[in-house]
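Thanks for sharing this one. Here are my notes as numbered points, to be read alongside the model.

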Amino acid sequence: MKSQWIILILSTALILSCRKDKTDLTYKECYSEITPTSEAYFYKDAKQFGIQRLEADTLSEYALNPVYREEETVYVLGKLSAIYNAATYSQPGTPLHDIIFKYQIHKLEGSSLTILALEVVDWSVQLDFTKNFGSTQNDELNMIAAEFDFTSSYTWFGNKDIVLLKTEQNYILTHFGRRLEGTPGITGIFPSNHYLYNVNINAFDITYSWTDEYDEFIFTYGFGDCIMGCDLHRHWKVRVDHDCNVTFIEDYGDALPG
C-alpha cells in the first residue's frame with residue numbers, strides 16, 4: 001500500500017511538471033526563431049501586439065491588476081521572427097522578401113503603457129478630476145486612484161477637455177478604460193498613442209489577429225499621394241502556425257508602381 005502511494009505521488013508530480021512546462025512553452029512557441037537581427041527589426045512591433053493580446057484578456061483576474069508582462073511580447077516576436085527568417089531566404093521580388101527588405105513595413109502606431117487620456121464633459125469635471133484626484137465625483141476613478149499609482153493632470157486637444165492619468169508603472173491601460181467607461185463625467189477614453197518609427201502618415205502598417213490554429217499578420221504599404229496620408233495601399237496577408245511554419249496567403253489592394 002505504501003509503495004502505491006509513492007507511485008501515485010510521483011505520477012502526480014510528473015503530470016504537474018509536464019503541465020508547467022507546457023504553460024511556459026506557450027509563450028516560447030517560436031522562441032528559437034528569434035535572432036539579434038529579427039529582434040532589432042521587430043521588437044517594437046511585437047511589444048504592441050503583445051499589448052493587444054493582454055488587452056484581450058477580459059475573462060481572467062488579470063484585468064484587476066493589469067501590469068504589463070513580457071511573455072506575450074516574446075510570443076509574438078517569435079512569430080514575427082519566423083517571418084523575418086523566411087524572408088531572408090526568399091528571393092527579391094517575392095512577397096515575403098519585399099515586405100521586409102524592400103518596403104520595410106512596420107506597425108504604425110503604439111499605445112502608451114503609462115498615460116491614459118480621459119475626455120470629460122466640460123472644464124468643471126476636468127477641474128474636479130485634477131484638483132480632487134482620489135476624492136472626485138466619480139467613484140470608480142476614486143477606487144482606481146486608491147489602488148494604483150496614478151497622478152492626474154489636464155490638457156486640451158482641439159476643443160476637448162482632457163484629463164491625463166499618468167503612472168511610472170507599465171499597465172495595460174485598456175482595462176482601466178473599461179472600468180471607467182460610462183461613469184460620471186467621462187465621454188471618451190483612450191491610451192495615449194505615439195508613432196513607433198517617427199512616421200506620421202500611413203506609409204505602412206501591420207495588423208495582427210490570432211486563432212487556435214495560427215497567428216495572422218497583414219502588412220500594408222502606402223504609396224501615391226502621401227503628403228497628408230497615402231491614398232493608395234497594398235496589403236499582404238501572412239500566417240504562422242504553432243510549428244512556426246510561415247505561409248503567404250494573399251496580396252490585394254492597389255497595384256504597386258512599376
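1. The largest cavity in this predicted model has a volume of about 30 Å³. A search with a cut-off of 30 Å³ or more returns one cavity in the structure.

2. Which residues line that cavity? The list runs through Ile51 and Glu55, then Ser111, Ser112 and Leu113, then Tyr171, Ile172, Leu173 and Thr174, and ends with Pro191. Sorted by class, six of these lining residues are nonpolar, three are polar and one is charged.

3. It helps to place that lining on the secondary structure. Helix α2 (36–55) and strand β1 each bring at least two residues to the largest cavity. The biggest share comes from β1, which gives three residues.

4. Next, please look at the second largest pocket, which holds about 220 Å³ of space. Its lining is made up of 14 residues, and those nearest the centre are Ala117, Phe157, Ile162, Phe190 and Ser192. By class, eight of the lining residues are nonpolar, three are polar and three are charged.

5. Which strands supply at least two residues each to the lining of this second largest pocket? They are β1 (109–120), β2 (151–157), β3 (160–166) and β4 (186–195). Strand β1 is thus worth a second look, as it supplies residues to the lining of the second largest pocket and also to that of the largest cavity.

6. On to the cysteines. How many disulfides does a search of the whole structure find? There are two. With the bonded cysteines numbered in sequence order, the pairing reads 1-4, 2-3.

7. One disulfide is formed by Cys30 and Cys244, with an S to S distance of 2.1 Å. This pair ties together distant parts of the chain, 214 residues apart: Cys30 sits in the loop between α1 (2–26) and α2, and Cys244 in the loop between β7 (232–241) and β8 (246–253). The link of Cys30 and Cys244 is left-handed, with -110° about the S-S bond.

8. Are the two ends of that link buried or exposed? Cys30 counts as buried because its relative accessibility is 2%, and Cys244, with a relative accessible area of 12%, is buried too. The cut-off behind both calls is that buried means under 20% relative accessible area.

9. The other disulfide joins Cys226 to Cys230, with the sulfurs 1.9 Å apart. Here the link is right-handed, with 115° about the S-S bond. Cys226 has a relative accessible area of 21%, so this residue is partly exposed, while Cys230 is buried at 6% relative accessibility. Do note how the 21% of Cys226 stands against the cut-off, since buried means under 20%.

10. A last stop is Asn142, a residue of helix α6 (residues 139–147). Asn142 counts as buried because its relative accessibility is 13%. A polar atom of the Asn142 side chain lies 3.4 Å from the backbone nitrogen of Ser135. Leaving aside residues up to four places away in sequence, Asn142 touches Gly134, Ser135 and Thr136. Ser135 therefore appears twice in the surroundings of Asn142: in the list of residues touched and as the owner of that backbone nitrogen, next to a side chain that is buried at 13% relative accessibility.

Technical notes: Residues numbered from 1 in each chain as written. Predicted model: local features only at pLDDT ≥ 70, side-chain atom pairs only at ≥ 80, totals over all residues. Heavy atoms only, no water. 1 Å grid on protein atoms, 1.4 Å probe; cavity = no way out; pocket = protein on both sides within 12 Å on 5 of 7 lines; lining within 4 Å. Points joined across faces, edges and corners; volume = space filled by probe spheres on them. Helix = DSSP H or I, 4+ residues; strand = E, 2+ residues; numbered from the N terminus. Nonpolar A, V, L, I, M, F, W, Y, C, P; charged D, E, K, R; others polar. Disulfide = S-S within 2.5 Å. Buried < 20%, exposed > 50% of the residue type's maximum accessible area, 1.4 Å probe, protein only. Polar contact = N/O pair within 3.5 Å; in protein donor to acceptor, adjacent residues only side chain to side chain. Contact = heavy atoms within 4.5 Å.
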